[in-house]
Amino acid sequence: MKIWVDADACPVVIKDILFRAVERAKIELILVANQYIRTPSSRYIKMLQVSAGYDVADNEIVRRLETGDLVITSDIPLASEVLEKGGLALSTRGELYTVDTIKTRLNMRDFMDTLRASGVHTGGPAALSQSDRQAFANHLDRIITGYGQSK
C-alpha cells in the first residue's frame, strides 16, 4: 500500500500526522501538488510536483493509484474515482469514503454548486477542529494497522 495525498489543499497539521505515521509504519507517502511542498527528509516521503491546471494533481493520483492504495483528499469527485479504481479514500476530517456514501456526497456537492451558481452564499467549510484531527488520526491508524496485519 502507498498513501497518496492531494496535497495542494491538505492542512499542515494533517501532513504532520501523516509524516509521523508513515515513519512509524514504514509505508511510502507521496504528496502530489502543483506547487513545491516542503517535506521532511525520509526514505518513505516523496513529493511529486505536477504542472498547474484544473485537476492535474487529481488526474496524476488516479493514473498512478493501485488497488489497495490510500488517498487523502477532501475532493469528492477524486474520492469517487479512487473508490472506482479499488483504492481507499480518507478525508482530512477523518471521513472514510465508501461506495455506499460517495454518491450521497457527490449529490450534495452538486446541489451546493447549483446554489452557489444561483447566487446563494453557502459559506465555506468549518475550520479543522481537534475532533476532526483525532478522527483523521484514528482512521489512518486503523487503515495502516489493517494493512500491516495483512502483509
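Modeller: Start with accessibility: with a 1.4 Å probe and protein chains only, a residue is buried under 20% relative accessible area, exposed over 50%, and partly exposed in between. This is a predicted model, in which local features need pLDDT of at least 70 and side-chain atom pairs count only at pLDDT 80 or more, while totals for chains, interfaces and linings use all residues. Residues are numbered from 1 along each chain as its sequence is written, and side-chain values use heavy atoms, with hydrogens and water left out.

Biologist: Okay, let's try that on a helix. Which residues are buried in helix 2?

Modeller: Helices are DSSP runs of H or I with at least four residues, strands are E runs of at least two, and both are numbered from the N terminus. Helix 2 covers residues 56-64, and its buried residues are Ala57, Asp58, Glu60, Ile61 and Val62.

Biologist: And what covers the buried residues of helix 2?

Modeller: Look for contacts, meaning heavy atoms within 4.5 Å. The cover includes strand 1 (2-6), strand 2 (28-33), strand 3 (45-49) and strand 4 (70-72). Helix 3 (76-84) is part of that cover too. Now zoom in on glutamate 60: leaving out residues up to four places away in sequence, it touches Val32, Leu48 and Val50.

Biologist: Glutamate 60 carries a carboxyl group, so to speak of charges: how many salt bridges turn up in a search of the whole structure?

Modeller: Side chains of opposite charge can pair when their charged atoms come close. The test here is a side-chain nitrogen of Lys or Arg within 4 Å of a carboxyl oxygen of Asp or Glu. Searching the whole structure gives five of them.

Biologist: Which residue meets arginine 63 in a salt bridge?

Modeller: That's glutamate 60, with 2.7 Å from N to O. The two residues sit in helix 2, three residues apart, or about one turn of the helix.

Biologist: Arginine 64 is there as well. How far apart are its closest N and O atoms in the salt bridge with glutamate 60?

Modeller: They are 2.5 Å apart. Here the spacing along helix 2 is four residues, again about one turn of the helix.

Biologist: Are the three partners buried or exposed?

Modeller: They fall into separate classes. Arginine 63 counts as exposed because its relative accessible area is 56%. Arginine 64 is at 36%, so it is partly exposed. Glutamate 60 has 16%, and therefore it goes down as buried.

Biologist: Which parts of the chain does the pair of arginine 93 and aspartate 132 link?

Modeller: Their side chains meet in a salt bridge at 2.6 Å, N to O. This pair links distant parts of the chain, 39 residues apart. Arginine 93 is in the loop between strand 5 (88-90) and strand 6 (96-97), whereas aspartate 132 belongs to helix 5 (residues 130-150).

Biologist: Why does arginine 93 count as partly exposed, and why does aspartate 132 count as buried?

Modeller: Go back to the cut-offs. Arginine 93 is partly exposed because its relative accessible area is 29%. Aspartate 132 is at 15%, so it counts as buried.

Biologist: Which residues are linked in a network of salt bridges?

Modeller: Find Lys2, Glu28 and Lys46 in your viewer: salt bridges link them in a network.
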